[in-house]
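This briefing covers a protein model with bound RNA. It begins with a contact to the RNA and then turns to one helix and the sheet beside it.

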Amino acid sequence: MRWSQYYLFTTREVPADAEVVSHQLMVRAGMIRKVAAGIYSYLPFGWRSIAKLMAIVRRELDAKGACELVMPAISPAELWQESGRWSKYGKELLRIKDRHGRDFVFGPTHEEVVTDIVRHDVKSYRQLPFNLYQIQTKFRDEIRPRFGLMRGREFLMKDAYSFDADDAGLDVAYRAMHDAYCAIFAACGLEYTVVEADTGAIGGSASHEFMVLAETGESEVVRCPGCGYSANVEKASSGALPPPERDGEPGPMREVATPGMTTVDEVAEFLGVPTAAMVKTLIYDNEKEEPVAVLVRGDRAVNEIKLANLLDVQYPVLASDEKVAALTGAPVGFAGPVGLPPGLRVIADESVRDLAGFACGANKADAHLVDVVWGRDVEVGEWADLLLARGGDPCPSDGCGGILEPFRGIEVGHIFKLGDKYSRAMGCTFLDENGREQPMIMGCYGLGIGRTVAAAIEQNHDDDGIIWPLPLAPFSVLLIALNPQEESVRRAADELYDALRQHGVEVFYDDRPERPGVKFKDADLIGIPLRLVVGKKSLAEGKVELSRRRDRQRQPVAVADAVERVMALLGD
RNA sequence: CGGGGCGUAGCUCAGCCUGGUAGAGCGCACGGUUCGGGACCGUGAGGCCGGAGGUUCAAAUCCUCUCGCCCCGACCA
């Protein structure tokens with residue numbers, strides 16, 4: 001491809017709305033253009049990279065026997081009502097009406113549609129198993145789209161769905177997709193890790209995320225260097241937290257005046273105890289209006305996703321000031337486990353179990369209790385893991401003894417064991433060998449296409465621009481005619497261009513009448529792995545210059561040997 | 001959803017406080033000199049100052065309302 005004929009326009013200015021480096025570089029390198037918040041056009045240069053990734057994805061999924069299809073982006077509300085997600089998915093689900101006023105959704109994922117297809121076709125265990133996948137534009141109406149392709153509202157996703165007769169079959173399918181993902185991310189030259197994850201709105205039993213390690217990642221992950229346990233903090237557990245040391249045995253429970261002190265920090269400082277020796281009592285409400293009191297150690301936070309899963313609700317939220325006052329009899333800031341109304345469900349996180357003689361609110365304005373002891377002063381009927389894990393916590397694995405380390409990652413893939421959640425709700429069943437009707441056992445497997453390309457840039461760039469890993473590079477070789485107005489340069493470059501193409505090399509030919517400085521800067525910015533420069537001076541000695549974007553090692557090469565040398569480097 | 005910021009030339013921004021002829025750099029066009037790391041000189045094109053109301057003799061500038069974009073928060077008892 002000749003640059004002079006190609007649609008690629010780079011820019012020197014950093015776009016004002018681009019926060020992270022991958023977004024900045026994708027805009028500057030003419031790969032994407034924003035159309036609206038979280039909605040982008042893929043320009044030709046960017047699309048080539050996307051296409052490269054899609055080809056890798058297809059290759060690896062096909063190798064596992066998965067079958068590609070394409071489902072509509074728009075699907076009718078009925079399917080979503082059938083699965084229950086019409087009411088459960090929330091505001092991220094973009095709902096639209098057609099001219100007749102009928103409800104549709106712009107699909108954020110396709111469990112309903114694929115299940116609908118399969119239930120029409122498949123009736124017998126003899127037809128199972130199989131795996132259907134597509135690469136398609138999705139829409140999720142994110143609260144806050146950001147970081148370019150990293151968190152768009154409209155985005156390209158590969159989604160696959162496996163159908164099996166039983167759990168054992170699902171395990172095999174799940175493993176196959178896990179392995180395919182590893183192959184895909186490895187082929188992209190990405191440094192990634194697999195972590196345990198929450199299943200979120202998709203639902204199901206088990207789930208893993210594929211994380212590309214990056215400072216700018218939006219996901220927080222903890223990992224144990226000892227046993228390798230790793231999990232998204234949305235899901236992660238911690239081992240038992242060591243309780244803070246205290247002097248002597250707690251005395252009898254007593255009330256202390258704490259005028260105007262509504263935060264743990266204020267009270268802890270006033271009492272002269274560590275925040276870890278306090279119990280925080282949070283009143284959570286939810287869409288069912290069934291408030292609960294959650295007890296967590298004073299220095300820690302509640303994992304609201306764990307809470308939502310435990311309560312089987314969608315939106316746990318801190319209760320309004322009025323509700324807190326009505327339930328605890330005190331203004332916000334003075335709630336505690338002692339003396340809560342009997343009708344209020346109280347759930348204690350494991351982090352407070354080992355506290356002896358802790359401090360907490362007195363359910364009374366301007367007062368806290370100290371030296372509270374479980375069993376003696378107050379009983380808790382319900383214990384659960386509701387802790388938001390963080391780096392420095394003990395590893396939850398039995399007998400491991402390691403300390404969790406925190407890191408950040410970009411979630412590029414997410415695989416789920418769905419089980420029969422959708423097949424049961426939607427009547428996607430088959431007859432087993434005994435003639436009994438059974439719901440199919442499903443898995444689903446998502447992979448963010450644009451996000452993976454963005455992640456690759458996030459991991460592969462320098463101050464001057466992108467450094468494409470070869471498998472994702474829009475082109476393999478950038479051929480630069482440094483002084484195309486020189487007849488000899490132009491002719492030599494043209495010949496190299498033809499020769500490289502004849503050898504099947506994807507070559508991008510900078511034949512523009514630009515100054516050398518501009519061409520070099522652009523070359524660095526767009527980051528094509530191999531650079532072949534034809535310049536007047538070296539050509540006079542029968543040489544061209546070959547270099548790699550990554551290490552910038554330049555080497556003069558005889559014109560006659562250039563193609564061969566390029567082929568050799570591409571083969572590495 | 002809450003808080004904050006920003007909408008002025010294709011891009012990055014100044015001008016607004018203190019109302020009075022619309023600006024810079026980059027980019028673009030033309031001419032000349034340059035030509036291996038984003039050249040230089042000259043000439044030029046390009047803007048309903050996001051939109052709608054209002055105040056005023058006069059509004060990019062002050063007021064109100066809207067729309068768009070961006071950032072932060074939604075970790076709290």
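In this predicted model, an N or O atom in the side chain of Arg515 is 2.5 Å from a base oxygen of RNA strand B. Arg515 is also among the closest of the 47 residues that surround RNA strand B. Two further topics follow: helix 12 (residues 487-502) and an open sheet of five strands.

**Surroundings of RNA strand B**

- Besides Arg515, the closest residues to RNA strand B are Arg12, Leu318, Asp524 and Glu545.
- Sugar or phosphate accounts for 47% of the RNA strand B atoms within 4 Å of the protein, and bases account for the rest.
- On the phosphate side, an N or O atom in the side chain of Arg146 is 3.5 Å from a phosphate oxygen of RNA strand B.
- Glu304 places a polar side-chain atom 3.2 Å from a phosphate oxygen of RNA strand B.
- Two or more residues of the surface near RNA strand B come from each of strand 1 (32-36), strand 14 (279-285), helix 13 (516-526) and helix 14.
- Helix 13 gives the largest share of that surface, with seven residues.

**The five-stranded sheet**

- The open sheet has the strand order 28-27-29-30-31, with mixed pairing.
- Strand 28 and strand 31 (554-558) are the edges, each pairing on one side only.
- From one strand to the next, the twist averages 25°.
- Four bridges join strand 29 and strand 30 in the antiparallel sense.
- Val533 has Glu545 in strand 30 as its bridge partner; Glu545 is also listed among the residues closest to RNA strand B.

**Helix 12 and its packing**

- Helix 12 has 16 residues, so at 1.5 Å a residue it should span 22 Å; its end C-alpha atoms are 23 Å apart, which agrees.
- Helix 12 packs on the sheet and touches strand 27, strand 28, strand 29 and strand 30.
- The direction of helix 12 makes about 170° with that of strand 28.
- Val489, Ala492, Ala493, Asp494, Leu496, Tyr497 and Leu500 are the buried residues of helix 12.
- The cover over these buried residues includes strand 27 (477-481), strand 28 (507-510), strand 29 (530-534) and strand 30 (543-548).
- Helix 14 (536-540) and helix 15 (562-571) are also included in that cover.
- Gly504, which follows helix 12, has a positive phi, near 80°.

Key: Residues are numbered from 1 along each chain as its sequence is written. Chains are lettered from A and ligands numbered from 1 in the order in which they are written. This is a predicted model: local features need pLDDT of at least 70, side-chain atom pairs count only at pLDDT 80 or more; totals for chains, interfaces and linings use all residues. Side-chain values use heavy atoms; hydrogens and water are left out. The expected span of a helix is 1.5 Å times one less than its number of residues. Buried means under 20% relative accessible area, exposed over 50%, partly exposed in between (1.4 Å probe, protein chains only). Contact means heavy atoms within 4.5 Å. Two strands pair if DSSP finds at least two bridges between them. Axes are lines fitted to C-alpha atoms, for helices over the stretch in contact, and angles run from 0 to 180 degrees between N-to-C directions. A residue is near a molecule or strand if one of its heavy atoms lies within 4 Å of it. A polar contact is a pair of N or O atoms within 3.5 Å; within protein, one must be able to donate a hydrogen and the other to accept it, and residues adjacent in sequence count only if both atoms are side-chain atoms.
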